[in-house]
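Me: I would like to learn how to read the features of a protein model, one at a time. Could you take me through them slowly, with the general idea first and the case afterwards?

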Amino acid sequence: MNMLMLLPWALASEQALAILVDNQTLTLTAADAPDTYDLVNGAVLTTQDASTLSIRVTASTVQLNGGTISGGSSNGLHLFGSNATVNGAVVSSTGAVGMAIARVGAAPSTATVSNSTITGARLGAQVSARSTLNISGTTVTGSNADGIGLAILGGTVTATSGTQFNGTAAGVRIGRESAINSQAPTLTLDNSSATGGTGPAVLVRTDTVAEINVRNGSTLNGGNGVILEVQGPATANLNVAASSLRGNVQIADTATANLKLDQASLVGDVVVTPGANASLALDNRSQLTGNLNGVQQVNINSNSNWTLNANNTIGDLAMTGGRITFGDENSFYELNVQSLSGNGEFYMASNFASGATDFLNVTGNASGTHGLMVGTSGTDPASVERLQLVHTGSGDAQFSLLNDRQEVDLGAYSYKLVKDGQDWYLDRETRTISPMTRTVMALFNTPITIAYGEMTSLRSRMGELRYNQGKNAGVWMRAYGNQHNIADASSGVGYQQNQRGLTFGADAQLGESNWTLGLLAGHSRSDLNLSYGSSGSIDSYYVGGYATWMDPESGYYVDSVLKYNRYQNDAKVGLSDGTRTKGDYDTHGMSASVEVGKHIKLDDGYFIEPFAQVAAAAVAGKDFTLDNGFDANGDVSRSLLGKVGTTLGKTISLGGDSMIQPYVKAAFAHEFAQRNQVQVNNNVFNNDLSGSRAELGAGVAWTVAKDFQVYGEAGYMNGKNIEMPYSFSLGASYRF
């Protein structure tokens with residue numbers, strides 16, 4: 001029988017009524033009084049901005065559009081084997097459950113909720129076995145002191161579009177309905193959240209297997225710092241994708257938790273109490289920062305990373321292109337693993353000075369190929385002969401360092417990884433000079449070649465004065481560049497220096513004498529190219545004076561130069577762990593040269609000019625540090641260079657005041673200074689570039705007009721420990 005009637009306990013007309021809707025269709029609007037409704041036998045209730053008291057729905061359908069449900073001490077909206085659509089509504093209960101979604105026998109309930117607010121005293125919402133809740137853009141709250149935002153008893157909940165489950169105690173509680181109705185519960189949060197006030201974000205309990213999916217920027221927030229708590233004998237499968245979580249996972253009693261992160265991150269510990277079980281898988285660049293003590297199976301794959309920040313003990317560790325990072329570089333941790341397989345990377349820190357290091361201890365079988373990235377240090381070892389990084393109980397695992405050099409940079413030296421039985425060490429006997437030492441030695445050495453490179457342009461100017469018999473006052477400028485390749489077998493230091501610069505000068509004949517005096521100033525920049533990403537640069541600013549004397553009758557001449565430099569030095573060092581360290585300092589130096597020769601005129605405009613030269617340079621020492629604590633102290637750098645050679649050229653008249661003078665030159669030089677010591681971290685190295693060199697050059701001076709001249713020169717030099725594959729200079733002068 002179809003019925004719409006007042007129940008026997010209905011109140012007087014001016015008070016709320018309890019209305020039974022039996023197999024009827026009813027529509028409510030804002031104009032209707034707020035009554036209690038009981039829908040049965042296929043009834044259909046539709047509301048439009050209506051206000052009601054509790055609504056109980058059995059084998060029926062309800063559609064709420066806006067409006068409110070105020071359940072009082074009863075459930076706000078209670079479904080039994082029914083369907084509900086709720087949009088833009090406010091559903092509440094001050095004494096029970098805001099929305100309860102239950103089955104009738106095997107008949108489930110289904111609710112679709114959007115853009116609404118649901119509040120219950122004990123539970124914001126509850127979904128029982130077989131039933132389904134699809135919810136979006138909605139806030140669900142359990143408001144009592146022990147309130148739970150959402151309870152799932154074997155049902156399925158999918159939350160999207162910013163839905164929030166908030167409980168004063170826990171955000172979400174998951175379990176089975178009963179031993180008879182033990183359907184596995186499922187919770188999916190898609191761009192949604194669960195927040196516990198004093199308890200965990202999600203609590204799983206009773207003998208059930210819960211599936212929890214956290215996707216697309218969803219969050220879990222536990223007031224007690226726990227995002228997931230699993231109580232025995234429950235099992236929870238937590239799948240996190242494209243989301244960032246912060247908080248601990250706690251597995252207690254005989255519970256089990258299987259955690260999987262896919263393009264996701266977790267900052268927190270996985271705490272496994274005795275008797276409980278846990279596994280973890282990181283996939284697709286996922287990140288875990290925390291500790292996994294007691295986790296039986298750990299899989300780290302596809303560029304994912306686990307950063308541990310304490311000593312950890314785990315079971316089986318399988319890696320497929322994953323990474324484990326041992327905390328920060330100033331703390332040292334031990335990772336104990338029952339077995340190791342696959343291929344992975346371990347990022348570790350060590351301190352040779354104290355003997356402390358991160359340590360990988362595989363107590364059982366180890367297989368696969370693995371790389372170690374060991375942190376660098378600016379300080380040197382003390383008395384430790386070798387530092388153990390890895391131990392394996394058995395197996396054929398192979399470990400190597402994760403850099404092309406297969407070395408670890410520690411202070412003045414770099415150390416290789418060696419295997420001894422089932423152990424891997426950094427061994428002092430394998431040490432070579434570190435990039436830090438190479439770089440600072442190059443910086444301390446380079447000012448000498450800089451000073452001589454700057455003098456080359458000046459010598460060309462003085463030669464031009466002699467070719468023109470030193471007549472008249474003039475101003476000039478010269479641009480120059482060169483490259484030096486340094487290979488010092490005694491120290492193992494090799495580098496390439498590229499210099500470029502510009503010099504300005506002015507000079508004048510001293511009365512009627514044979515002397516010409518001049519002043520100069522300029523700047524050069526030298527870039528150092530060292531191996532493995534290290535580099536340096538030196539800016540040189542200089543001023544000086546020069547004098548040349550020539551007897552027109554005999555052709556004898558004397559050239560002299562005195563120059564002061566201010567050097568600004570900068571170093572950037574690429575280290576074995578992929579990081580960089582840097583430092584800078586300023587210093588100054590003096591250089592001088594005296595050359596004696598004879599200008600001999602030959603027939604047909606040819607001339608020859610044999611010469612001998614002595615040059616000296618000194619650069620002040622300096623104590624400076626790189627930003628990783630590496631300390632370098634260079635002594636005064638000295639050079640004493642002797643040279644003999646000759647220049648052959650020809651003066652060709654071009655008519656009028658124009659002429660051109662091509663020339664070639666050859667020289668033999670010898671560096672006498674043998675000890676330029678550099679002290680790094682109390683280790684002494686010698687910057688020794690002594691030895692003989694051969695020099696070749698060619699140039700041309702073109703007098704364009706009576707008062708204007710341009711000139712250019714190119715050169716080559718090769719000798720012990722040093723080569724200059726090219727040098728060039730281009731200049732112009734104007735005589736008054």
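**Reading the model**

Reply: Let us begin with one residue: Glu 553 has its place in the loop between strand S53 (535-550) and strand S54 (556-574), where helices (H or I, at least four residues) and strands (E, at least two) are DSSP runs, numbered from the N terminus. This is a predicted model, in which local features need pLDDT of at least 70, side-chain atom pairs count only at pLDDT 80 or more, and totals for chains, interfaces and linings use all residues. Residues are numbered from 1 along each chain as its sequence is written, and side-chain values use heavy atoms, with hydrogens and water left out.

Me: Is Glu 553 buried or exposed?

Reply: Buried means under 20% relative accessible area, exposed over 50%, and partly exposed in between, with a 1.4 Å probe and protein chains only. Glu 553 counts as exposed because its relative accessibility is 75%. Glu 553 also lies 9.9 Å from His 599, C-alpha to C-alpha, although the two are 46 residues apart in sequence.

Me: Where is Thr 138 found, and what is in contact with Thr 138?

Reply: Thr 138 is found in the loop between strand S17 (132-136) and S18, and Thr 138 is buried because its relative accessible area is 1%. Contact means heavy atoms within 4.5 Å; leaving aside neighbours within four places in sequence, the residues in contact with Thr 138 include Val 113, Asn 115, Ile 118, Gly 162 and Gln 164. The side chain of Thr 138 also reaches the backbone oxygen of Ser 136 at 2.8 Å.

Me: How should I read the pairing of strands, and in which sense do S18 and S21 pair?

Reply: Strands of a sheet pair through backbone hydrogen bonds, either parallel or antiparallel. Two strands pair if DSSP finds at least two bridges between them. Strand S18 (residues 139-142) and strand S21 (residues 164-167) pair in the parallel sense over four bridges, with Phe 165 in S21 as the bridge partner of Val 140. S21 also pairs in the parallel sense with strand S24 (residues 193-196), over four bridges, and there Asn 166 stands opposite Thr 195.

Me: In what order do the four strands of the open sheet with S58 run?

Reply: The order is S58-S59-S63-S64, and the pairing is antiparallel. Strand S58 (622-625) and strand S64 (683-686) are the edge strands, each pairing on one side only. S58 and strand S59 (residues 631-634) pair over four bridges, and the bridge partner of Thr 625 in S59 is Asp 631.

Me: How is empty space found, and what volume does the largest cavity have?

Reply: Rolling a probe the size of a water molecule over the atoms shows where empty space is left. On a 1 Å grid over the protein atoms alone, a cavity is a set of points where a 1.4 Å probe fits but cannot get out, and a pocket is an open set with protein on both sides within 12 Å along at least five of seven lines; lining residues have an atom within 4 Å of a point. Grid points are joined across faces, edges and corners, and a volume is the space filled by probe spheres set on the points. The largest cavity has a volume of about 580 Å³. Of the 33 residues lining the largest cavity, Tyr 452, Thr 456, Lys 643, Glu 695 and Met 724 are the closest to its centre, and H1 gives the most to this lining, with six residues.

Me: And what is the volume of the largest pocket?

Reply: The largest pocket has a volume of about 450 Å³.

Terms used. A polar contact is a pair of N or O atoms within 3.5 Å; within protein, one must be able to donate a hydrogen and the other to accept it, and residues adjacent in sequence count only if both atoms are side-chain atoms.
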